[in-house]
Amino acid sequence: LVHFNHEGFAALALWVRRQVGRPATLHVRTNVVPSAFARLQMRVISAAVDNLVFITPNEQKSFRDLGGTAPGTVIYNIAEQVTGAVPHPQVPQDGRLIIASLSNAAWVRGTDRLLEVAAALRDLGRSDVVIVSAGEMVLDGGDWGGDLKAIATRNGTLADAAAARGLAPYFLFLGHVRDPERVLAASHLLIKPTREANPWGRDILEALAAGRPVLSIGHDKTFVEDGVTGILQPSFDARALATAIAELADDRARLAALGEAAKTRIARLCNGPDLARDLADVWWRTAGLKTSTTCAA
């Protein structure tokens with residue numbers, strides 16, 4: 001059996017099917033933007049593999065809506081708590097609320113919305129919050145508008161935009177970080193104001209696993225549930241999000257309770273051994289065996 005770990009391998013999977021003729025499975029990890037190419041890609045995948053693994057029901061629905069017909073199973077991504085992570089030394093521990101962002105600058109990820117949140121915090125008179133950004137902040141590509149478009153044209157960064165808007169005190173830009181778990185260890189929250197309304201990415205799962213509540217945008221409350229494991233907005237509202245952040249800064253007991261609920265939820269939904277067993281069972285069945293237990297016996 002051959003497993004392809006991303007839908008971007010669709011054409012390769014079809015070539016392998018024709019050349020080798022072995023059973024094949026494929027991981028569907030993204031909600032592809034609808035287009036003629038996307039529909040063609042889903043048809044190619046359906047012809048190339050025997051079984052699919054979707055990381056959430058959202059990817060499964062997207063696949064079906066685009067005409068995909070191959071059978072599949074939803075298996076969440078594994079996310080296990082990292083213990084003993086030493087807080088990143090550059091992140092201040094001075095009593096301020098530390099909010100981590102673990103995303104490279106990208107319009108679809110909503111990283112520019114961090115500027116709006118910071119501006120709203122300033123309007124509320126809150127100077128006790130800092131957003132720690134780990135990632136490359138060059139504003140290349142995307143649908144940047146206004147001053148961001150001008151900054152992007154000269155290969156500027158989100159840090160340049162923050163400085164231009166007088167928001168630099170609300171940010172700490174670390175650039176690329178090889179060990180993001182250390183940033184999480186030094187933070188109280190994670191923020192991901194995505195324009196794709198997909199509050200279930202790798203950064204979100206790992207933050208929740210680390211007991212860090214998440215602030216994000218979308219409707220799926222499997223992982224980020226408003227008022228339970230974080231703050232989930234159906235649509236982005238910088239003022240409301242800043243108000244929620246200020247309330248958490250003032251109520252550290254509630255912040256801790258959200259973090260404990262986040263950790264418990266990920267331990268239940270994203271347990272490594274359980275999900276590995278589920279994936280192995282998909283492979284054994286696709287290969288013509290009943291279960292991995294049967295094969296081991």
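**Chatting through the fold**

Me: Let's start with H1 and H2. How do their axes sit relative to each other?
Reply: This is a predicted model, to say that up front. In it, the axes of helix H1 (residues 10-19) and helix H2 (residues 36-48) come within 8 Å and cross at roughly 30 degrees.

Me: And what do we call H1 and H2 relative to each other, parallel or perpendicular?
Reply: Angles under 35 degrees count as roughly parallel, and H1 and H2 are therefore roughly parallel to each other.

Me: Is the crossing of H1 and H2 left-handed or right-handed?
Reply: Left-handed.

Me: Which residues meet there?
Reply: H1 brings Ala10, Ala11, Ala13, Leu14 and Arg17, and on the H2 side they meet Gln41, Val44, Ile45, Ala47 and Ala48. By type, the residues of that contact of H1 with H2 are eight nonpolar, one polar and one charged.

Me: OK, zooming out. How many helices and strands does the protein have?
Reply: The secondary structure comes to 12 helices and 10 strands. The radius of gyration is 21 Å, close to the 19 Å that the globule rule gives for 297 residues, so the protein is as compact as a globular protein of that length.

Me: What box do the C-alpha atoms fill?
Reply: Roughly 65 × 45 × 30 Å, taken along the principal axes.

Me: Now the sheets. In what order do the four strands go?
Reply: E1-E2-E3-E4, as an open sheet with parallel pairing. E1 (2-4) and E4 (72-74) stand at the edges with a single partner strand each, so one side of each has no neighbour in the sheet. On average, neighbouring strands of this sheet are turned by 20 degrees against each other, direction ignored.

Me: How many bridges between E2 and E3?
Reply: Four, with strand E2 (residues 24-28) and strand E3 (residues 51-54) pairing in the parallel sense. If you want a spot to click on, His27 stands opposite Val53 in E3.

Me: And the sheet with six strands, what order is that?
Reply: That open sheet runs E7-E6-E5-E8-E9-E10, and the pairing is parallel. Its edges are E7 (171-175) and E10 (230-233), each with a single partner strand, so one side of each is left without a neighbour in the sheet. Neighbouring strands here are turned by 20 degrees against each other on average, again ignoring direction.

Me: What joins E8 to E9?
Reply: Three bridges, linking strand E8 (residues 189-192) to strand E9 (residues 214-217), and the two run parallel. Lys192 stands opposite Ser216 in E9.

Me: Which helix lies across E8 and E9?
Reply: Helix H8 (residues 202-209), running at about 165 degrees to E8.

Me: How does H8 pack with H10?
Reply: At an angle of about 115 degrees, with their axes 7 Å apart. That makes H8 roughly perpendicular to H10. Leu205, Leu208 and Ala209 in H8 meet Ala262, Lys263 and Ile266 in H10, which splits into five nonpolar, no polar and one charged.

Me: Last one: at what angle do H9 and H10 pack?
Reply: About 105 degrees for helix H9 (residues 238-250) and helix H10 (residues 252-269), with axes 5 Å apart. H9 is therefore roughly perpendicular to H10. Leu248, Ala249 and Asp250 of H9 make the contact with Arg252, Arg254, Leu255 and Leu258 of H10. The residues of that contact of H9 with H10 divide into four nonpolar, no polar and three charged.

Key. Residues numbered from 1 in each chain as written. Predicted model: local features only at pLDDT ≥ 70, side-chain atom pairs only at ≥ 80, totals over all residues. Heavy atoms only, no water. Axes fitted to C-alpha atoms, helices over the stretch in contact; angles between N-to-C directions. Parallel < 35°, antiparallel > 145°, perpendicular 65-115°, else oblique. Left-handed = near helix turned anticlockwise from the far one by under 90°. Contact = heavy atoms within 4.5 Å. Nonpolar A, V, L, I, M, F, W, Y, C, P; charged D, E, K, R; others polar. Pairing = 2+ DSSP bridges. Rg over C-alpha atoms; globule rule 2.2 N^0.38 Å.
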